[in-house]
Amino acid sequence: MVRMSAEERRESVIRAATSEFARGGYHGTSTEAIAKRVGVSQPYLFRLFPDKRAIFLAVAERCLRETREVFEKASEGLHGEEALHVMAEAYTQLIADDPEKLQMQLQVFVTVAGAEAAGDHEFGEMVRKGWMELWDAVHLPLGADIGQTTTFLAYGMLINNLVGMGFPPGHRVYGGIYESGQAKPRRGDA
């Protein structure tokens, strides 16, 4: 049996923590559950990450980065309306195929809101930085139009909430959203 390097274990922790935090949120997820999912002891987990906060921040950063990369890949070489629709299509398919990504995003936003309300700004600083990178990734293909960028991301947040609340694809609540931005069934479920 080949032993994993610390970096490979760290990656395993991020993947496992994504699943745990997506379901239980920051406060509802124990480091014991993460360690168990990875198959390591808690002391080993804390050799890879100094504390639960560091694990959550690594997961949040990964979640925002991967979402940004979906927009960047989809819009490569495209501009304006064409970029808008392919980014919307790519994102809605992402959250249909991997609902854990959406659940994690929603948990990140809730955790930041709670931390900010309690006067803890560290979570928010990292998430706002990641959000601005995501905003920039959308902004440029949309012709650096602030209105279009804001509208695109506002629709995205609405879609996140509707999907998060369990409204299925094709439901009438999506009626005012352009077709490329409407909720999708998982590939293979259509």
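Helix α8 gives the most to the lining of the largest cavity, with seven residues. Helices here are DSSP runs of H or I at least four residues long, numbered from the N terminus. That cavity is lined by 18 residues in total, and F71, Y91, L153, G156 and M157 lie nearest its centre. Besides α8, the helices α4, α5 and α7 each supply at least two lining residues. Its volume is about 180 Å³, and a search of the whole structure finds one cavity of 30 Å³ or more. A cavity is a set of points, on a 1 Å grid over the protein atoms alone, where a 1.4 Å probe fits but cannot get out; lining residues have an atom within 4 Å of a point. Grid points are joined across faces, edges and corners, and the volume is the space filled by probe spheres set on them.

Before going further, please keep in mind that this is a predicted model: local features need pLDDT of at least 70, side-chain atom pairs count only at pLDDT 80 or more, and totals for chains, interfaces and linings use all residues. Residues are numbered from 1 along each chain as its sequence is written, and side-chain values use heavy atoms, with hydrogens and water left out.

Now to the packing. The largest nonpolar core has 30 residues, and V13, F21, I34, I55, F56 and M104 have the most contacts inside it. Such a core is a set of buried Ala, Val, Leu, Ile, Met, Phe, Trp, Tyr and Cys residues joined through side-chain atoms within 4.5 Å. Helix α4 brings the largest share, eight residues. I34 touches V13, A16, A17, E20, F21, T29, L45 and I55, leaving out residues up to four places away in sequence; contact means heavy atoms within 4.5 Å. A second, separate core of 22 residues includes L94, L102, L134 and I159.

Charged pairs come next. Side chains of opposite charge can pair when their charged atoms come close. The whole structure holds 15 salt bridges, each being a side-chain nitrogen of Lys or Arg within 4 Å of a carboxyl oxygen of Asp or Glu. Three of them are listed here.

| Salt bridge | Closest N to O distance |
|---|---|
| E11 and R62 | 2.6 Å |
| E122 and R53 | 3.4 Å |
| K184 and E89 | 3.9 Å |

E11 in helix α1 and R62 in helix α4 are 51 residues apart. R62 is buried, at 13% relative accessible area, while E11 is partly exposed at 24%; buried means under 20%, exposed over 50% and partly exposed in between, with a 1.4 Å probe and protein chains only. E122 in helix α7 and R53 in helix α4 are 69 residues apart. K184 lies in the segment after α8 (146–164) and E89 in helix α5, so their pair ties together parts 95 residues apart in sequence. In addition, R68, E72, K129 and E133 are linked in a network of salt bridges.

K184 also meets a neighbour on α5. Q93, in helix α5 (residues 80–97), is in contact with K184, P185, R186 and R187, leaving aside its neighbours within four places in sequence. A polar atom of the Q93 side chain lies 3.3 Å from the backbone oxygen of P185. Q93 counts as buried at 12% relative accessibility, as does K184 at 14%.

Technical notes. A polar contact is a pair of N or O atoms within 3.5 Å; within protein, one must be able to donate a hydrogen and the other to accept it, and residues adjacent in sequence count only if both atoms are side-chain atoms. On a 1 Å grid over the protein atoms alone, a cavity is a set of points where a 1.4 Å probe fits but cannot get out, and a pocket is an open set with protein on both sides within 12 Å along at least five of seven lines; lining residues have an atom within 4 Å of a point.
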